[in-house]
Amino acid sequence: MSSKAGKFPQVTVRNLQRRAAVNAADLQKFAQQAAVACLRLPKKIKTDLETLTEVAILLVSDRRMASLHRRFMNESGPTDVITFQHGEVFISTDTAFHNAKRFGNSLRSELRLYIVHGLLHLHGFDDRDARGALTMRAAEKKVLSKL
């Protein structure tokens, strides 16, 4: 499904952790709207988000995230979001909870930010260098302000 043809990937949210109470249905509705908003951001190349028919947002614990981080990125410890090109976005609810407290946000707002972040990775954004990180932060703010 391509956004150019007026179709968008089906986004699902699955809560695979037990520590934090989250409203997966609310997050799924938001994630679907966020995917549409991300696809409206211009990109010069065809992106994974444009070609995927499904995107899965998986809410996991820090323990599971640390395992993924080590296995696929060869880095120790948990991280907030890991995005795979085939359409899986893993989000650590533990990290979201701690960062929400740290930055004075609600858990819901922090999770929404991570959803947008993961979707932007699928849409070709990269935050591995300072310039890319600035561009990605601006795109996050643009998408979040629309929703």
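This section describes the overall fold, the nonpolar cores and the surface of a predicted model.

The protein contains six helices and four strands. From the N terminus on, these elements follow the order β-α-α-β-α-β-β-α-α-α. The C-alpha trace spans about 40 × 35 × 30 Å along its principal axes. The radius of gyration is 14 Å, which agrees with the value near 15 Å for a compact globule of 147 residues. Long-range pairing is frequent in the contact map: of the contacts between residues at least 6 apart in sequence, 64% join residues at least 24 apart.

Buried residues account for 46% of the 147 residues. The largest nonpolar core has 33 residues. Within this core, the residues with the most contacts are Val55, Ile57, Ile91, Ile115, Leu119 and Leu120. Both strands and helices feed the core. The strands β1 (10-15), β2 (54-60) and β4 (88-92) each supply at least two of its residues, as do the helices α1 (24-39), α5 (107-122) and α6 (130-146). A second, separate core has eight residues, among them Ala56, Met65, Leu68 and Ile82.

Ile57 illustrates the packing of the largest core. Leaving aside neighbours within four places in sequence, Ile57 is in contact with Val11, Thr12, Val13 and Arg14. Its other such contacts are Ala31, Val89, Ile91 and Ile115.

The accessible surface of the protein comes to about 8500 Å². Carbon and sulfur atoms make up 49% of that area. The protein carries 24 positive and 14 negative side chains. The centres of these two sets lie 4 Å apart.

Technical notes. Residues numbered from 1 in each chain as written. Predicted model: local features only at pLDDT ≥ 70, side-chain atom pairs only at ≥ 80, totals over all residues. Heavy atoms only, no water. Core = buried A, V, L, I, M, F, W, Y, C linked by side-chain atoms within 4.5 Å. Buried < 20%, exposed > 50% of the residue type's maximum accessible area, 1.4 Å probe, protein only. Contact = heavy atoms within 4.5 Å. Rg over C-alpha atoms; globule rule 2.2 N^0.38 Å. Areas by Shrake-Rupley, 256 points an atom, 1.4 Å probe, with all protein chains shown as cover. Lys, Arg positive; Asp, Glu negative; His and termini not counted. Charge placed at Lys NZ, Arg CZ, Asp CG, Glu CD.
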